[in-house]
Amino acid sequence: MGLDALNGVHHNEAAGRFTAAVNALIFSSTSAIHSKYELFVVLFGWNLKSLWRTAHQNRCHALFQAGRLPEALESYRYMMERSDEATKASCFEWSTAFKRDYSALCAAKGVIDFAASGDAAFAAGEYDRAIELCSAAIDMDFATDTVFATRSKARLEKMLWDDALLDAEKVIELNRSSNLGYQLKHAALHGAQRYDEALETFQVMLSDTQLQELCWQHVSPSEAECAIQKTIKAQLDNAPHRLLNTFTGRLSDQVAQINAFRTSTEYKELFSSTMKHPNLRMEHIQNVVATYFRYVMLSHRWEGKELLLDDIQDKDVFEFKPVEGIAKLQSFCKTARDAGYRWAWIDTCCVNQSNNVELQESVNSMFAWYHHSALTIVYLSDVPPSSKSGSLARSAWNTRGWTVQEFLAPKIVLFYQKDWSLYLNDCSHNHKECPIIMQEMRDATGIDLPVLVTFRPGLRRVREKLQWASTRVTTRQEDIAYSLFGIFGVNLPVIYGEKKQNALGRLLQEIVARSGDITALNWVGKPSEFNSCLPADITSYKAPPCTLPSLQMSVSLLRPDIPVDSAVKLYTLLDNLNAPRFANCRLHLPCIAFRVTAVRRQEMNFSYEVKADMLQDLQITTEDKLVQLPSLQPMIPTFLLVRPWNRLLELPDFAELSGSAELPVVADDTQSEEDYWSAPSSPSQDFLSDRALQLTVRLGQPFSAFLLAQQRGGEYKRIASDHDITAQVKDVSSIPNMDVRTLEIL
């Protein structure tokens, strides 16, 4: 029927008949005849292989005559690929004629050079057409390494990795002196995720003596390895030393994390792709490394039985019975894993609590670890599912000392309820961008919204930061101070057992020493054994600093009453004072001192009327029993009321000569305010006079005073008061005669 249709010039029908015949013959000339067909050979003497060849030839002819050139060529290719050498030899003349006729017809249609046309199609992004034309060139015996290379590149663009690999190997076979075949083979293997073979291909290329001059076009394996290792080290410098693998449930130190990366598909893909280029693509390396090693931190409260490091070392946390803290740990790991993170950290079992060196490093690194986390999960165990707004503010999590920095440090935070569902059902990627949640945090903590969202550690706004922590509690008393190390950006020894007064004292001492900011001395409560100018407890900062009344006074009104020379002398004296400093728990405090001349106890318990040189009378309430003055008793302690000198707050700004001055602007929270203690260089005499008089105006305003009692060795101790002591000079004309000194306070 196929022949009848062909003879009747019904070419499409003939093509269909011969296609059916070919499909019915399920063997090829290269394969043995199946046993079920042997009967026909015996009975009728049929040559089935000859029939197979004839059917294919007729199908090619029918498709060709029907003008279906791509199908005709595909049929020809199919036949030749499945023909043995004898069959190919027997149809040599037919094959030559077919290719000649095919080429002539293509030329009539404008396709003269298959290879060139394939290149043009590839350049135009017509990859299917490029594959078709290159295949035609190969079938027409016009094959070169260039043709195979073009088809390989087109197949790579179509992600036909196996076909592209075959073409690449053909390029290598035809031209071993060219690196193009190796590059294409590497690309095909890389695309197929056969990274080990891809690396081997590159190593073969670089070891080939004929290709040595081409090595400069590619990054060597050693260069790639070195760049990746450096990037890993930089990435892990700001990461915890021990993390949980959320897929295996096992603890991994950094060596284990690196080993896991080196055996991962991500590493092999990165290593293979890096060598394809003449230069290191550091941005790509950094992105891959950062993505693999990113980690999730947990902020939570310790409750009940928590698993420690020794409990899970070399064990799979998912194999434990899910009770109490174990269930929390398992849910945390699953939540992090479901979010796409491989590594997770929790303070219960990722820190060796019995190793003092590791514990100290962890405390001092905690802020940085949270800051560099890809995500921080806050688990609110006391907030039930489907809770309404306000539940977060009431959570016990908001009362813990460590949770201040655990929320401020990270850039991305998500709150989870008791059942590990998202708080308020807010599915956004970062709850720091949720106005409702942030306002709730603002109300609960008293911390301004911009600070909550984009906090930076440092030594600015010291008194305010201490107030944030004043209502917080910690299980270990020293932790109330240690939890603030990261907030202020300080690094100090961790000494559990030193007691909270010493821990807080060391922190405040460091803050004053590094910043010169003495607002930390502004508190109400009991004094510390560390130093009497420091509080015994963080709760002493709970009340905000008192707001002092401001009296209107102009520089012009002072000029007749105050000699300018005296004002300039006082200004210069104060300007040259050293910053406050601590040494051996002793505070060296620059101040203006006023001698107490009378102390009289009032009828109310612990209340005293105090008189001092140059100051208006005032009342002080203290639990300390003060010796009343004047007195005839020998060895009466000398009392002083002092105005601590804070150059940062007291000296008028260069640009501000209108009667008020503010704290100089610091570029960022981490910049030390010590930089502002040096005096300006050589201002003009008139300008200096204006500043001196403005300082006089400032000194005439009410101020917060300390009451000090002199000790036997000449040092002083601060007498703690139950309320802020507000003092004011009687007469501004006496200001230039103030007693300026630096006192040593125990």
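Where is Leu618 found? That is a handy place to start, and the points below go on from there.

1. Leu618 lies in strand β10, which covers residues 618–621. Please keep in mind throughout that the model is predicted. With a relative accessibility of 9%, Leu618 counts as buried. Setting aside residues up to four places away in sequence, Leu618 touches Tyr608, Glu609, Val610, Leu641, Ile725, Thr726 and Ala727. For Tyr608, which is 10 residues from Leu618 along the chain, the two C-alpha atoms are separated by 8.5 Å.

2. Now for the overall picture. The protein has 746 residues, and 48% of them are buried. Its secondary structure comes to 32 helices and 15 strands. Among contacts with a separation of 6 or more, 67% join residues 24 or more positions apart. The protein exposes about 35400 Å², and carbon and sulfur atoms supply 51% of that area.

3. The aromatic residues deserve a look in your viewer. Searching the whole structure gives 18 aromatic pairs. One of them joins Phe261 and Tyr267: the ring centres are 5.4 Å apart and the planes stand at 80 degrees, so this pair is edge-to-face, the cut-off being over 60. Phe261 is buried, at a relative accessible area of 0%, and Tyr267 is buried too, at 7%. Ring pairs also tie Phe261 and Tyr267 into a cluster with Phe271, Tyr292, Phe293 and Trp343.

4. A second pair brings together Phe594 and Phe703. Their ring centres are 5.9 Å apart with planes at 25 degrees, so the pair is stacked, since stacked requires planes under 30 degrees apart. This pair links distant parts of the chain: Phe594 belongs to strand β8 (residues 586–601) and Phe703 to strand β12 (residues 703–710), 109 residues apart. Phe594 and Phe703 are both buried.

5. Two charged side chains also meet aromatic rings. The charged end of Lys432 sits over the ring of Phe407, 4.9 Å from the ring centre. Likewise, the charged end of Arg718 sits over the ring of Phe706, at 3.8 Å from its centre.

6. On cysteines, how many disulfides does a search of the whole structure find? The result is 0. Cys350 shows how this plays out: the nearest cysteine sulfur belongs to Cys349 and is 4.5 Å away, so Cys350 is in no disulfide, given a cut-off of 2.5 Å between sulfur atoms. Cys350 is buried, with a relative accessible area of 3%. Cys427, on the other hand, has a relative accessibility of 62% and counts as exposed, because that value is over 50%.

7. Helix α9 makes a nice check on helix geometry. This helix has 13 residues, 127–139, and at 1.5 Å a residue it should span 18 Å; the end C-alpha atoms are 18 Å apart, which agrees. Its buried residues are Ala130, Ile131, Leu133, Cys134, Ser135, Ala136, Ala137, Ile138 and Asp139. As background, an α-helix has 3.6 residues a turn, so residues three or four places apart point the same way.

8. Two backbone angles may catch your eye. Gln193 is not a glycine, yet its phi is positive, near 65 degrees. Gln193 lies in the loop between α12 (180–191) and α13 (195–207), and at 54% relative accessibility it counts as exposed. Leu424, another residue that is not a glycine, has a positive phi of about 60 degrees. Leu424 is in the loop between β6 (413–416) and α23 (435–445). Is Leu424 buried, partly exposed or exposed? At 28% relative accessibility, Leu424 counts as partly exposed, because this value falls between the 20% and 50% cut-offs.

9. Finally, a buried strand residue: Thr376, in β5 (residues 375–379). Its relative accessibility is 0%, so Thr376 counts as buried, the limit being under 20%. Which residues is Thr376 in contact with, leaving aside its neighbours within four places in sequence? They are Met297, Ser299, Tyr370, Glu406, Pro410, Ile412, Val413 and Leu414.

Technical notes
Residues numbered from 1 in each chain as written. Predicted model: local features only at pLDDT ≥ 70, side-chain atom pairs only at ≥ 80, totals over all residues. Heavy atoms only, no water. Helix = DSSP H or I, 4+ residues; strand = E, 2+ residues; numbered from the N terminus. Buried < 20%, exposed > 50% of the residue type's maximum accessible area, 1.4 Å probe, protein only. Contact = heavy atoms within 4.5 Å. Areas by Shrake-Rupley, 256 points an atom, 1.4 Å probe, with all protein chains shown as cover. Phe/Tyr/Trp six-rings, centres within 6.5 Å; stacked < 30°, edge-to-face > 60°. Lys NZ or Arg CZ within 6 Å of the ring centre and 35° of its normal. Expected span 1.5 Å × (residues − 1).
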